[in-house]
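User: I'd like to learn how to read burial and surface charge in a model. Could you walk me through a case?
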Amino acid sequence: MTQQKLTQEQVLELLSYADGKLYWRKKTSKKTVVGAEAGTLRKTDGYRQIMISRRTYRTHRLIYLYHTGCLPEILDHINQNVSDNRIENLRSATRAENAYNCKLRPDNTSGVKGVTWCKNKRKWVARLYANRQVLNLGRFVAMQDAIDVVKAARQQYHGAFASEGCVQ
């Protein structure tokens with residue numbers, strides 16, 4: 001048996017929105033408190049989630065559906081902060097665009113996305129992922145030169161999804 005998709009009308013009937021949060025408008029279970037913030041925080045990744053009709057939804061997805069009437073496969077938090085679910089911080093994205101707008105990896109040692117140190121050549125390497133491939137942008141003696149090249153390439157190839165990797 002296939003499960004019916006949640007509609008904008010259902011979300012509007014059950015929930016109200018204010019400042020990036022959803023609140024129960026209607027009692028749906030014994031635990032539901034009308035007027036209370038809907039959902040719970042997932043400790044594993046910081047996303048908030050809401051249970052509706054025995055199905056779990058991430059809050060940011062319901063907020064996007066609430067405002068736009070559609071639910072794309074991928075949603076991107078523009079400022080990379082998964083707890084900031086204001087509608088102006090959410091946008092539809094492809095998987096690649098969502099990856100372009102990611103945080104700095106924890107194993108990054110240069111402090112800049114796309115810039116690494118090559119021990120063998122004793123130079124800074126600038127590289128970028130775009131169009132499903134790695135673009136090697138060159139090796140540089142000065143770290144700032146590598147940073148400048150990778151930032152310019154990120155603007156060129158990633159456009160609106162270009163990110164330096166820092167949470168704002």
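Analyst: Happily! Let's begin with arginine 127, which lies in strand S9 (residues 123-130); strands are DSSP runs of E with at least two residues, helices runs of H or I with at least four, both numbered from the N terminus. This is a predicted model, where local features need pLDDT of at least 70, side-chain atom pairs count only at pLDDT 80 or more, and totals for chains, interfaces and linings use all residues. Residues are numbered from 1 along each chain as its sequence is written, and side-chain values use heavy atoms, leaving out hydrogens and water.

User: Why does arginine 127 count as partly exposed?

Analyst: Buried means under 20% relative accessible area, exposed over 50%, and partly exposed in between (1.4 Å probe, protein chains only). Arginine 127 counts as partly exposed because its relative accessibility is 33%.

User: Which residues gather with Arg127 in a patch of positive charge?

Analyst: A charge patch joins like charges within 9 Å, using residues with over 30% relative accessible area and no salt bridge; a salt bridge puts a side-chain nitrogen of Lys or Arg within 4 Å of a carboxyl oxygen of Asp or Glu. Here, Lys121, Lys123 and Arg139 join Arg127 in such a patch on the surface.

User: How many residues of helix H2 are buried?

Analyst: In H2 (residues 59-68), 7 of the 10 residues are buried, so the helix is mostly covered. Among them are Leu62, Ile63 and Leu65. Just after H2, glycine 69 has a positive phi of about 85 degrees.

User: What share of the protein chain is buried?

Analyst: Of its 168 residues, 35% count as buried.

How values were computed: Patches are made of residues with over 30% relative accessible area and no salt bridge: like charges are joined within 9 Å, nonpolar side chains (Val, Leu, Ile, Met, Phe, Trp, Tyr) within 5 Å. Accessible areas come from the Shrake-Rupley method with a 1.4 Å probe; for residues, only the protein chains shown count as cover. Lys and Arg count as positive and Asp and Glu as negative; His and the chain ends are not counted. The place of a charge is taken as NZ of Lys, CZ of Arg, CG of Asp or CD of Glu.
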